[in-house]
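Here are some exercises to work through with the model open in your viewer. Try each task before you read its solution.

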Amino acid sequence: MKAGAALQPFAAKAVMVVTKKENVHVLAFDLGASSGRAMVGTLDRSAPGGPVVRLEEVHRFPNEPVAAGGHLYWDVLRLLHELKQGFRKAAEGREIAGFGIDTWGVDYGLLGADGELLGNPYHYRDSRTDYTVDKVHDIIGADSLFARTGLQPLVFNTLMQLHAALEQGSVALEQAKELLFMPDLLLYLLTGVKQSEYTIASTSQLLKAGTQEWDTELLERLGIPVDILQPVVMSGRVVGSLSADVCAELKLPPIAAVAVPEHDTGAAVVSIPTDSADPSVYLISGTWSLFGTELPAPLLDLKALQLGFSNEGGMGGTSRTLKNIMGLWLIQECKREWDREGKGHSFGELVGLAAEAPAFQSFINPDDLKFLPPNGMPERIREYCRETGQPVPETRGEITRCIYESLAMQYKLVLERLEALTGNRYERLNMMGGGIQNKLLCQMTASAIGRPVWAGPVEASSLGNVAAQLIALGELADIQEARNLIKRSYPLDTYVPEESGQWAEAFGTFLRVTGQSIIPE
């Protein structure tokens, strides 16, 4: 989407009583692992038929990691610069009532005694944590660690990053007085406010499961300093405003800073277009695929650990019980390599090539750790297929189809595992995020799971960010009112299963070649 393009909402049919300002504008910064955007969200109470929420992208920018000295970093000062450009563009002809920032999880920056940043934050794909999980489990057993924190022990969790930093004698960690997660770090650089918002803190594996409390006993056993962690705050509240220096630089008033759900998945879940009475399951499709459900409390059954589920915090104190799946990272990396070869294709062209390729030729396990690092993705996919005795995809269409079919099959596997864990039957899948623009993947997903897929909204994280701000500013009553508003404002595309018998048969092949089962023995 080009800067300045507005996402046009579906006209609402219900009429709400107008009691407040006709139009309220807020600014949502939504930063993903490859790009960021500044979105103006407008609550428009003057729309024909009743209030709607509108989104307009005013600024988009790349978010590329930087390799230096054998490590991978985030360019946080460039991100700060881009956020400032977003403020300038958003404020042209509008009064901005508030702003909020959401990003990916786990990564952090360290501040010294003078409040200055002690170096660029590490990227979660940096290799310094490659062997950390086993070392942590030698100190805290895997079962005990999951029971305490509710999180799957991923190599890039903040806990693992901090333990690796300790082992490697990090000077920055030795000198650090405060730790701020990425959205909190950017908020601090704009406002001076130091905090740890609940949803982003819950990705760290440093919190006691289902609480706002740091697990101090766990941290002390691992030698991680507790005093660098900030107080945990719940989302949906005003926490400060732009600092005087930033206001002077940007020639803006002190716009209110809102603690939104700062983890982009937590923000996206706020925008699920469903009624509260329905047990719902969601898939947020982007660089990562996040597949899960909302529960009142964490699911700490050790089977959940065995099956790779995590329990992260949600707005309002709910638990987001979910599975991280490698997602569109696979095709993004393939495209990046093909582009470097000088014969690139757009994502739309790759979808077309995949549609023409033979069905069910070969599968990969998207979550195999060999697919986590950047570079060389097409050859790693071929190597996986070669090692598992399958036809080796050679063309770009065959590789792309292999990725999409494998993702759809993994979604089915995770859905069936989630139902086994929760005892719920989910009649449909709410699919959200940028990945739903890939209609082929949406259709494959519906066919694989054998149930309808409701696709929408695309800008789920931005809408959840906007909704949290409107709640904090008193413009909306609660999350359910926000969800109803979003559901009325944006249409959903519905995909129904096709060729179910062929997909069911192929699922058996997928399980066999990837060595997976619904409930492992």
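Start with Pro51, which is buried, at a relative accessible area of 5%; "buried" here means under 20% (exposed is over 50%, partly exposed in between, with a 1.4 Å probe and protein chains only). A word on the source: this is a predicted model, in which local features need pLDDT of at least 70 and side-chain atom pairs count only at pLDDT 80 or more, while totals for chains, interfaces and linings use all residues. Residues are numbered from 1 along each chain as its sequence is written, and side-chain values use heavy atoms, with hydrogens and water left out.

**Exercise 1. Place Pro51 in the chain, then in space.**

Step one: find the loop between strand S3 (35-44) and strand S4 (52-62), where Pro51 lies. Strands (E, at least two residues) and helices (H or I, at least four) are DSSP runs, numbered from the N terminus.
Step two: look across to Leu485. It is 434 residues away along the chain, yet the C-alpha atoms of Pro51 and Leu485 are separated by 7.5 Å.

**Exercise 2. Work out the strand order of the open sheet that holds S18, and find its edges.**

Step one: trace the 7 strands, which run S16-S17-S15-S14-S18-S19-S20 with mixed pairing. Two strands pair if DSSP finds at least two bridges between them.
Step two: go to the ends. Strand S16 (309-313) and strand S20 (493-495) each have a single partner strand, so one side of each has no neighbour in the sheet. Neighbouring strands are turned by 30° against each other on average, direction ignored.
Step three: check the pairings. S16 and strand S17 (residues 319-325) are antiparallel over 5 bridges, with Phe309 opposite Lys323. S14 and S18 are parallel over 3 bridges, and Leu283 has Met431 as its bridge partner. S18 and strand S19 (residues 453-455) also run parallel, joined by 3 bridges; there Leu429 is partnered by Val453.

**Exercise 3. Which residues cover the two faces of S18 (residues 429-432)?**

Step one: recall that side chains in a regular strand alternate between the two faces of the sheet.
Step two: sort them. Leu429 and Met431 are on one side, Asn430 and Met432 on the other, and all are buried.

**Exercise 4. Find what packs across the sheet, and follow it into the core.**

Step one: pick out helix H15 (residues 396-422), which lies across strand S14 (281-285), strand S15 (289-295), S16 and S17, at about 20° to S15. Axes are lines fitted to C-alpha atoms, for helices over the stretch in contact, and angles run from 0 to 180 degrees between N-to-C directions.
Step two: turn to the largest nonpolar core, with 138 residues, where Phe87, Phe99 and Tyr404 touch the most other members. H15 gives the largest share of this core, 13 residues. Such a core is a set of buried Ala, Val, Leu, Ile, Met, Phe, Trp, Tyr and Cys residues joined through side-chain atoms within 4.5 Å.

**Exercise 5. Is Thr158 buried or exposed, and what does Thr158 touch?**

Step one: locate Thr158 in helix H4 (residues 158-167).
Step two: read its relative accessible area, 0%, which makes Thr158 buried.
Step three: list the contacts (heavy atoms within 4.5 Å). Leaving out residues up to four places away in sequence, Thr158 touches Val106, Tyr108, Phe181, Ser204 and Leu206.
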